[in-house]
Amino acid sequence: MKWWRRFLVHGVFWRQFLHWAVVNVPIWLEPMIIAWWSMFFLLWGPGRRGVMRNLAAIKPRSSPIANFFRVYRVFWNYAWTITDNVRHREQGILPDWEFEGSEHFEELQSRDGGSIILTAHMGSYDLGAQLFAEFSTRKIVMVRAPETDPDTRRYEEAHLDDRVRIGFNTASSDLALDLLGAIQAGEVIAIQGDRVTPGIAAVETALFGKRTLVPAGPFALAMAARAPIYPLFVIRLGRRRYKLLANAPITVTRTSRDRDADIRRGVEQWSRALETAIAAAWFQWFAFEPYFEEAA
Amino acid sequence: MRIVRDREDAKWLPSRFHFALFRLFAIVRMSAMAPRPRPGIIVPIDRYQSSFENYAISIWYFATVSCFFTAVMPWWVAIPLASLVVQLPIYVVGRGQGVNSIIFMTSATLAAAYLATTQTWLRWAAWQFLAILALNALAALLLLPMRGVIRKLEARCGL
């Protein structure tokens, strides 16, 4: 592998640099440093263009110039969330938390069987899972896409939080059976349902009027395990301040011979919840590739 | 990590602030506040938790250092260059937050002490920096006998 690949945007250098910066940058200087690095990452053309194309779909009447500045806001929020996540992992520092839809969250924690949390690449997904692990007696399994860069993958696996179990949704893995077992054992599975990893079964849906794909796995799992899906979003409200937004559960039950139609109903409910969350907090939907190209 | 649940006023606990001036302000603010319950919030206690304080200090430091840079270059070069140069000690020294923090404050204080003696407009920027440092030191002295008050405020939030 070429040495310079580690400096590419998905390369391991930036992960190591972030871990190093979190323990070395004086905290009172952090806002300025993050502002600078968010600007630096605007040089990342594919990511910038990806966010701009998504913003053009989310805000159809917006201008490209306004969207350019909005991209900065997305990068700024992303920088803060990954910093907060590493800080929690390295130094155990929690941000302030607020809850919206706490009745659904309480229900998720107190119900007898296992359940599925369906979330998106918004706010700090990792921090949300760690918070859940810290304040709940239930075990949580996070399902995530593996890093594309092998060095980054190794680095991230070596720095995993031991309070949260992680499953990587590779096409070849037999993760589905493990997850089914985990739900049956009363555990909570957290899955990101806004992006599809290549090789993973997907269902077509519409988001902001454009066709896109969402993973079919969570819905098939909910049907097989007879477990509810809780759409849950972690929204960054400000510096070290997050909101956990829990929506009413989605139930995916087999009502006819047409299994796909039952799954599609669940997907439709999820898409509407996702659309509402993204419309309200577009500045922290960390989708750096156009979301509608996968279905094209 | 210590946390307070379901109490909005806990956001003003002095223990959530780092600099003495802000801690003093937090004591006054919280003492004047009635307990404000708000179910469903978690308020951790960490001395760098306040957004207001950290944004204010960051902007103040950067603005002052940018002014100092204009002593040797035009302002439109000074602002972007200051944002980069200010970071260099972190990457060069890299000895942890505490040491880096001391290096930043000491180097800006030395620059301010020098510029305060000049006859340019920069002396005003330098004097305001030194004045705020002095005020902070004074606030730190005032805080010394107030540890009991801080403990009482914490106890009010169940800590």
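**View 1. Glu98(A) faces Ile41(B) across the chain boundary of a predicted model.** Glu98(A) stands opposite Ile41(B), a residue of β2(B). The strands here are β1(A) and β2(B), the latter spanning residues 37–44 of chain B. Their pairing is antiparallel and runs over two bridges.

**View 2. Chains A and B in contact.** On the chain A side, 24 residues are in contact with 27 residues of chain B. Three elements of chain A each supply at least two residues to this side: α1 (12–24), α2 (30–40) and β1 (96–100). The largest share, five residues, comes from α2(A). By class, the side of chain A that touches chain B holds 14 nonpolar, four polar and six charged residues.

**View 3. An open sheet of nine strands.** The strand order is β4(A)-β3(A)-β5(A)-β2(A)-β8(A)-β9(A)-β1(A)-β2(B)-β1(B). Pairing is mixed. The edge strands are β4 (165–168) of chain A and β1 (3–7) of chain B, each paired on one side only. On average, neighbouring strands are turned by 25° against each other, direction ignored.

**View 4. Met142(A) and Ala190(A) in a parallel pair.** Strand β3 of chain A (residues 140–144) pairs with β5 of chain A (residues 188–192). The sense is parallel, over four bridges. Met142(A) stands opposite Ala190(A) in β5(A).

**View 5. Helix α10 of chain A packs on the sheet.** The helix covers residues 259–280. It touches β2 (115–119), β8 (229–238) and β9 (241–246) of chain A. The direction of α10 makes about 10° with that of β8(A).

Key
Residues are numbered from 1 along each chain as its sequence is written. Chains are lettered from A and ligands numbered from 1 in the order in which they are written. This is a predicted model: local features need pLDDT of at least 70, side-chain atom pairs count only at pLDDT 80 or more; totals for chains, interfaces and linings use all residues. Two strands pair if DSSP finds at least two bridges between them. Axes are lines fitted to C-alpha atoms, for helices over the stretch in contact, and angles run from 0 to 180 degrees between N-to-C directions. Two residues are in contact if their C-beta atoms, placed from the backbone, lie within 7 Å. Ala, Val, Leu, Ile, Met, Phe, Trp, Tyr, Cys and Pro count as nonpolar, Asp, Glu, Lys and Arg as charged, and the others, Gly among them, as polar.
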